[in-house]
Amino acid sequence: MLELPDRAKRSGYDPQQPAEEGWLFRRITGREEPSATSQPSSADSSAAKPARSAGQNELGNLQQTADNGTAVQRTSANQDSGEPLPPADADTVIVPRSDEEEEEEDFILFEIPKRLGKLFQPKRDESLARSLYQEGAELYRRGRYEEAAAKFKKAAKHWPNSPLEEDALFMAGESYFFADRYPQAENAYLELLKKYEFTRYLDTVAKREFAIGRYWEQVELSKPSMLGLVQWGDKSRPTFDTWGRAIKAYQNVRLYDPTGPLADDAVMATANAYFLKGRYQDAAYHYDLLRKDYSQSEHAVNAALLAIKAHELSYQGPLYDGTPLEKAERAADELLTVYRDRLGSDREEVVRAKNEITEEKAMRYFAIGQYYDNRHYYGAARYYYRATLREFPHTKAAVLAAERIRQIDGLPDKPPNRFKFLTDLFESHKDEP
């Protein structure tokens with residue numbers, strides 16, 4: 001068995017003691033360790049021990065019985081007050097937690113992990129960090145990019161929250177990027193953006209993120225992952241969800257550099273990726289987002305054209321939500337008014353699309369009329385058929401509506417009540433006091 005560390009010996013560590021009395025627990029919780037020269041005697045060893053908190057005393061006083069597998073908890077407060085203890089085979093007694101117990105639980109759940117993290121952090125050493133950075137720079141110049149990246153990452157850890165850390169994180173990303181290790185490069189860039197939101201390397205990082213996203217999207221289309229999720233053997237792409245990581249890279253460009261030169265390109269690339277995947281609602285959302293937030297973009301006209309198509313493809317029919325048709329119509333109107341000078345030969349396509357949208361909207365009115373018509377509520381059916389004629393007079397649905405109005409002319413507004421004797425019975429009881 002290995003000998004105990006000196007630090008454990010000085011703290012009076014006893015392997016037979018409960019775990020919470022060990023030297024590591026006392027160090028994490030901030031308790032002072034007794035010095036090596038002031039060892040307590042056995043007579044006053046109990047007084048020399050660090051005082052336990054109220055929450056620990058309470059935990060120490062909990063009693064359990066397991067005669068039938070059911071635990072019973074009692075506190076010393078019950079014993080001191082003279083209250084009778086529940087029998088051993090009773091159900092579990094729920095003891096209200098005191099403020100001290102809640103503080104103890106918060107300490108265990110949040111403070112201890114925080115202090116453990118600090119305990120294992122690399123030593124803060126500026127000279128060591130600069131030395132590691134110079135070693136990484138030399139390896140980078142010699143083209144040994146993966147080795148350089150490891151040096152830069154270590155340098156960043158040894159001098160956090162400093163300009164050197166910002167430089168090191170960026171160079172780690174660059175090293176991985178030129179080593180064709182794009183997943184690691186993207187992680188390094190993202191760590192830099194999260195910690196230094198307004199980093200001076202923002203323009204370069206945005207270009208790298210966009211390039212990585214574009215590569216992952218294209219390589220996934222040419223060499224799909226197994227089941228669309230998993231791949232191995234290619235270190236230039238993620239092991240899991242290459243396509244999803246590509247979308248995330250595009251989104252990072254807009255999230256961290258929303259006014260940069262690639263922000264609108266990233267939104268357009270995201271929308272196109274969703275369109276090619278057949279996720280037309282997501283594609284339409286991003287096309288609309290580009291038209292709204294980047295109206296002066298070079299992609300504005302194409303985004304509006306594709307938005308019309310995406311909304312039309314996401315529309316499920318006259319008996320479903322008509323919002324996609326409304327949005328498609330707004331995109332068409334915007335093209336014919338705001339961007340009419342930039343449409344060129346696409347103007348005819350936009351006009352055709354708008355006419356199709358009008359036909360679909362007319363068919364929604366006609367479909368509601370048919371719903372009532374099939375149930376012999378001819379009054380309601382006539383109302384919607386006439387609305388079709390009034391709102392959309394030059395559509396195919398209007399022709400069908402006019403024909404059907406002529407056929408049901410003179411029929412009763414509602415079907416006959418075949419259970420009149422029952423409704424009369426209920427009405428008579430309703431009038432009674």
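At what angle do α11 and α12 pack, and how far apart are their axes? The first legend answers this for the predicted model.

**Figure 1. Packing of α11 against α12 in the predicted model.** The two helices, α11 and α12, pack at an angle of about 155°, and their axes lie 8 Å apart. Because angles over 145 degrees count as roughly antiparallel, α11 is roughly antiparallel to α12. The crossing of α11 over α12 is left-handed. On the α11 side, the contact is made by L202, A206, E209, F210, G213, R214, W216, E217, V219 and E220. On the α12 side, the residues are T242, W243, R245, A246, A249, Y250, N252, V253 and Y256. Sorted by type, the residues of this contact are eleven nonpolar, three polar and five charged.

**Figure 2. The loop residue D241, between α11 and α12.** D241 is not a glycine, yet its phi is positive, at about 55°. The relative accessibility of D241 is 33%, so the residue counts as partly exposed.

**Figure 3. The largest nonpolar core, with 39 residues.** The residues with the most contacts inside this core are F210, I247, Y250, Y287, L290, I308 and L335. Two or more residues each come from α11 (202–222), α12 (242–256), α13 (263–276), α14 (280–293), α15 (300–314), α16 (323–337) and α18 (347–374). Helix α13 gives the largest share, nine residues. A second, separate core has 34 residues, among them W159, A168, F177 and A246. In soluble globular proteins, nonpolar side chains tend to be buried together.

**Figure 4. Contacts of I308, one of the residues with the most contacts inside the largest nonpolar core.** With neighbours within four places in sequence left aside, I308 is in contact with A328, A331, A332 and L335. A353 and I357 are also in contact with I308. Of these partners, L335 is itself listed among the core residues with the most contacts.

**Figure 5. Surroundings of Y287 in helix α14.** Y287 has a relative accessible area of 1% and is therefore buried. Residues up to four places away in sequence are not counted in the following list. Y287 touches M268, A271, N272 and F275, and also A303, L306, A307 and A310. The C-alpha atoms of Y287 and A269 are 9.8 Å apart, for a separation of 18 residues in sequence. Y287 also belongs to the set with the most contacts inside the largest nonpolar core.

**Figure 6. Packing of α7 against α9.** Helix α7 covers residues 126–141 and helix α9 covers residues 163–178. The angle between them is about 25°, with the axes 11 Å apart. Because angles under 35 degrees count as roughly parallel, α7 is roughly parallel to α9. The crossing of α7 over α9 is left-handed. From α7, the residues that meet α9 are A129, R130, Y133 and Y140. Their counterparts in α9 are L164, D167, A168, M171, E174, S175 and F178. This contact divides into seven nonpolar residues, one polar and three charged. A168, part of the contact, is also included in the second core.

**Figure 7. R364 in helix α18 and its contacts.** R364 has 21% relative accessibility, and buried means under 20%, so R364 counts as partly exposed. Setting aside neighbours within four places in sequence, R364 is in contact with Y315, G317, P318, Y320, D321, G322 and L325. R364 and Y320 are 44 residues apart along the chain, and their C-alpha atoms are separated by 8.9 Å.

**Figure 8. The loop residue H376, between α18 and α19 (378–391).** Phi of H376 is near 65°, a positive value in a residue other than glycine. With a relative accessible area of 42%, H376 is partly exposed.

**Figure 9. Overview of the protein, for locating the close-up views.** The protein has 21 helices and zero strands. Of its 433 residues, 36% count as buried. Among contacts with a separation of 6 or more, 53% are between residues 24 or more positions apart.

Conventions. Residues are numbered from 1 along each chain as its sequence is written. This is a predicted model: local features need pLDDT of at least 70, side-chain atom pairs count only at pLDDT 80 or more; totals for chains, interfaces and linings use all residues. Side-chain values use heavy atoms; hydrogens and water are left out. A nonpolar core is a set of buried Ala, Val, Leu, Ile, Met, Phe, Trp, Tyr and Cys residues joined through side-chain atoms within 4.5 Å. Buried means under 20% relative accessible area, exposed over 50%, partly exposed in between (1.4 Å probe, protein chains only). Helices (H or I, at least four residues) and strands (E, at least two) are DSSP runs, numbered from the N terminus. Contact means heavy atoms within 4.5 Å. Axes are lines fitted to C-alpha atoms, for helices over the stretch in contact, and angles run from 0 to 180 degrees between N-to-C directions. Angles under 35 degrees count as roughly parallel, over 145 as roughly antiparallel, 65 to 115 as roughly perpendicular and the rest as oblique. A crossing is left-handed if the near helix is turned anticlockwise from the far one by less than a right angle, and right-handed if clockwise. Ala, Val, Leu, Ile, Met, Phe, Trp, Tyr, Cys and Pro count as nonpolar, Asp, Glu, Lys and Arg as charged, and the others, Gly among them, as polar.
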